[in-house]
Amino acid sequence: EPDYSGWITITGLMGDSMVKIVDSAMNTVSQLTSEGGTAMWDGCNMNGERVRSGVYYVLASTSGDVSSTGAVATKILVIN
């Protein structure tokens, strides 16, 4: 929904893994840590601003290593 401003739940991840939300140019917009295979994203970038409409990719690593790129776990379509 265009006016949705709640949390986006990302499931099916490994526990305590580094999760990065990237845009179509692979620029990191947010960085999270999964807890129990789930990560929560507020739809905002690292500056706390709502991201633009577009497709965002969820990259999940197998560990909490920040430098790990990880594989694409899913993609999210954001419509503002």
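I looked up confidence before anything else: this is a predicted model, and the protein averages a pLDDT (the predictor's confidence in each residue, from 0 to 100) of 86, with 86% of the residues scoring at least 70. I kept in mind that local features need pLDDT of at least 70 and side-chain atom pairs count only at pLDDT 80 or more, while totals for chains, interfaces and linings use all residues. Residues are numbered from 1 along each chain as its sequence is written, and side-chain values use heavy atoms, with hydrogens and water left out.

Among the elements (strands being DSSP runs of E, at least two residues, numbered from the N terminus), I found the lowest mean pLDDT, 87, in strand β6 (residues 71-78) and the highest, 95, in strand β4 (residues 39-41).

Next I traced the open sheet of four strands, whose order is β3-β2-β5-β6 with antiparallel pairing (two strands pair if DSSP finds at least two bridges between them). β3 and β6 are its edge strands, each pairing on one side only.

I then followed β2 (residues 18-22) and β3 (residues 28-33), which share five bridges: M18 has T33 as its bridge partner, and V22 stands opposite T28. Five residues lie between these strands in the hairpin, where M26 takes a positive phi near 65°.

Last, I looked up the largest nonpolar core (buried Ala, Val, Leu, Ile, Met, Phe, Trp, Tyr and Cys residues joined through side-chain atoms within 4.5 Å, buried meaning under 20% relative accessible area with a 1.4 Å probe, protein chains only). Of its 15 residues, those touching the most other members are I10, I21, L32, W41, Y56 and I76; β5 gives the largest share, three residues.

Terms used: Buried < 20%, exposed > 50% of the residue type's maximum accessible area, 1.4 Å probe, protein only.
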